[in-house]
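User: Could you walk me through this model, feature by feature? I'd like the general idea first each time, then the case at hand.

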Amino acid sequence: MSPDPKPTRTALVDAIRRAARQEQFLKVVSAAEARRRFEARLDRTPLDGESLPLAAALSRVIAADVIAPIDTPPFDRANVDGFAVRAADTLGAGPNTPKRLTLNREVIACGIAPAVEVASGTATTIATGGVIPRGADAVVMIEHTELIDDGAAPAIDVHRAVTSGQFISYAGSDIARGETLLRRGTQIGSREIGMLAACGLTSIEVVRRPRVAVLSTGDELLQPGQPLRPGGVYDSNGAIIAAAVVEAGGEAVSFGAVADDEAALEAAMHGALESCDIVVMSGGTSKGAGDLSHRVVSRLGRPGILVHGVALKPGKPLCLAVIKEKPLIVLPGFPTSAIFTFHTFVAPLIRARAGLPVEAAHTVTARVPVRIPSELGREEFVLVSLVGADGGLIAFPTGKGSGAVTAFSQADGFFAIDALASALDADSQVEVTLIGKSERAPDLVIMGSHDIALDVVVGALAERGVRARTVAVGSLGGVSAASRGECDIAPVHLVDAATGVYNKHLLTPDLALIPGWRRMQGFVFRPGDARFEGRTAEAALQAALADPAILMVNRNAGSGTRALIDSLLRGAKPAGYANQPRSHNAVAAAVAQDRADWGVAIVPVARLYGLGFLPIAPEHYDFLVVEARRERPAVQDFIDALKDEATRGRIRALGMEL
Ligand code: AMP
Ligand code: MG
């Protein structure tokens, strides 16, 4: 909701009031209470069945028990190539005491109905899969016989005795007619398809997949593929929720993104309710738009809104409603909040209606090495990366806010901080609920400063089958993780203020240093900015310091770049100094978008954003290796990958020196 370009004073104040109205309409309840109210008004039984051809039934849920209509195998069947015999005739047969049997004038291949009875003293040639003829009760393997062809009627010598039933699969031994072949609620995989086909079935009754409408709202939203405009963001919720609906067993029906306009939103919601079983919408829930979605939902029908506001972080502005028997959920717009509340409140409902069983939560115990402050009165969920250490698992908060798209996808799991706690103390043990497929633990843990060329090394490791997990915690975070033995390798770029030498001062007897590459740091500005263009970095800096209208963008304390900036500024704090984003990219974006005029960043990032660049000094990006873990194969693979010429070439191509 943006005010007019030139609003009158009252219009502007109104817009400010609306924007700042915040969450006054929320009547916050606990997550458990929210679920109770919602579930009390919902039909959670599986939807009706529909008949599908086998070929289309993969991954669907069986709606009714399937009773086997025939026996499989349908007849007594030979399991080996050989001769159908009466077992009693082979009694005492051995290598030196063969038993001779005359061969019947019949050869039973697969698909042949036998005509000749196996009488005592005779045998019939039979192939694997052939029908056991009348009179026979065992099969002798061809390897244990010798063909006798001496002019008289053909015969065999049997060199090994068989017992009754040997090498025979009896009718119905695999599937017995009348038995329950598959139970309702079973998800159909290739094995189930095979069982149904073996019984001659061509179709199967499956639970109809709930049709779930997915709808986004926000004036700022663009569909992927459209050009990004200032202030615009891509509608990622629409895509991730549609995919999560399918993962939960539903059929996603995309309604795209609707502007923050009550009439348009109401029309879209009516359409969605008419054609779908469940409506999931995101956005229009937080302060900016006031209670737009809530206002529209409250007019749609009875029983209406059951919950608006849950004491849950992320996810407070969640709205749960039922309109004429159909659930309608408004998820918070922030991507992590949206997907978190989707998995908590919506996915279980879709699974239930799709006939799928309740998903069991998998948890592990882990130690959280840092203190985490938490808001009193809200149950807070913290997304974490899990890392194996000598003393068990360690859970690191991913540290990205609820606005992050990647927080949920990069996390291994989450744990809850009680609503009544104001913080979680460092080194607490927590129960982490795992998210998604539990992959095997990483072979190598890299914690510290992140760099785009590090992705090249990690990619080279992946090609060798080594799974590396990188956790971006900054150089200083990497140093402490390495000294606590929580990682194998810590990428760092910290200059020693006293000597100007990079990284060497971080060494301890427990840590070794492996040289990485150098990244040229420089003064970045918008190309064509005459105040800086064509100057040296030093001259540009002097020009910047001389003009109070020039705005800088700084870096966060603890970063290597910040140390460099402070040494250049020699105590000066020019306008913009307090703006301290946490990455080279954020610095470049601020300058490119005119929110600042200059900053310090590395050359590959300056290039990526099309910025002017005046070199200052190369920064050394090296790797601390925990000595105790140095001999681990994955650490050796990492060191090898760094030496590999192809990898080095790719790192150079990104603008690094090595
Ligand atoms: P809202 O609930 O509409 O106030 O949105 C809160 C935040 O989530 C804003 O930063 C929105 O830009 C963002 N947001 C809302 N909907 C989406 C979406 N569909 N995809 C990505 N971000 C969104
Ligand atoms: Mg919005």
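User: Let's start with contacts: which residues is Ser428 in contact with, leaving aside its neighbours within four places in sequence?

Analyst: Contact means heavy atoms within 4.5 Å. On that basis, and with neighbours within four places in sequence left aside, Ser428 is in contact with Ala366, Arg367 and Val368. Ser428 has its place in strand S28 (residues 428-434); helices (H or I, at least four residues) and strands (E, at least two) are DSSP runs, numbered from the N terminus.

Before we go on: this is a predicted model, where local features need pLDDT of at least 70, side-chain atom pairs count only at pLDDT 80 or more, and totals for chains, interfaces and linings use all residues. Residues are numbered from 1 along each chain as its sequence is written, chains are lettered from A and ligands numbered from 1 in the order in which they are written, and side-chain values use heavy atoms, with hydrogens and water left out.

User: Why does Ser428 count as buried?

Analyst: Buried means under 20% relative accessible area, exposed over 50%, and partly exposed in between (1.4 Å probe, protein chains only). Ser428 has 17% relative accessibility, so it counts as buried.

User: How many residues of strand S34 are buried?

Analyst: 5 of its 5 residues; S34 spans 598-602 and is mostly covered. Take the faces in turn: Trp598, Val600 and Ile602 sit on one side, Gly599 and Ala601 on the other, and all are buried.

User: And how does S34 pair with strands S32 and S33, parallel or antiparallel?

Analyst: Strands of a sheet pair through backbone hydrogen bonds, either parallel or antiparallel. The pairing rule is that DSSP finds at least two bridges between the two strands. S34 shows both senses. With strand S32 (residues 511-525) the pairing is antiparallel, over 4 bridges, and Gln521 stands opposite Ile602. With strand S33 (residues 552-553) the run is parallel, with 2 bridges; there Met552 has Trp598 as its bridge partner.

User: What about a hairpin: how many residues join S24 to S25?

Analyst: The hairpin goes through 2 residues. Strand S24 (residues 379-389) and strand S25 (residues 392-397) run antiparallel, joined by 6 bridges, and Gly388 is partnered by Leu393 of S25.

User: Now for whole sheets. In what order do the strands of the open sheet with S7 and S8 come?

Analyst: Read across the sheet, the order is S7-S4-S6-S5-S9-S8: 6 strands, with mixed pairing. The edges are strand S7 (138-141) and strand S8 (145-148), each pairing on one side only. From one strand to the next, the twist averages 40 degrees. Inside the sheet, strand S5 (residues 99-108) and strand S9 (residues 155-158) pair in the antiparallel sense over 4 bridges, with Arg100 matched to Asp157 in S9.

User: Which strands stand at the edges of the sheet ordered S16-S13-S17-S21-S20-S18?

Analyst: This one is also an open sheet of 6 strands with mixed pairing. Strand S16 (251-258) and strand S18 (303-308) each have a single partner strand, so one side of each is left without a neighbour in the sheet. Neighbouring strands are turned by 15 degrees against each other on average, direction ignored. As one pair from it, strand S20 (residues 319-323) and strand S21 (residues 326-331) run antiparallel with 5 bridges, and Cys319 stands opposite Val330.

User: Which strands does helix H4 lie across?

Analyst: For angles, axes are lines fitted to C-alpha atoms, for helices over the stretch in contact, and angles run from 0 to 180 degrees between N-to-C directions. H4 lies across strand S13 (211-217), S16, strand S17 (278-282) and S21, at about 165 degrees to S13. H7 packs on the sheet too, touching S13, S17, S20 and S21, and its direction makes about 170 degrees with that of S21.

User: How do H4 and H7 cross, and at what angle?

Analyst: Angles under 35 degrees count as roughly parallel, over 145 as roughly antiparallel, 65 to 115 as roughly perpendicular and the rest as oblique. The axes of H4 (residues 236-247) and H7 (residues 335-353) come within 11 Å and cross at roughly 25 degrees, and the two helices are therefore roughly parallel. Residues meeting there include Ile240 and Ala244 in H4, and Ala338 and Phe342 in H7.
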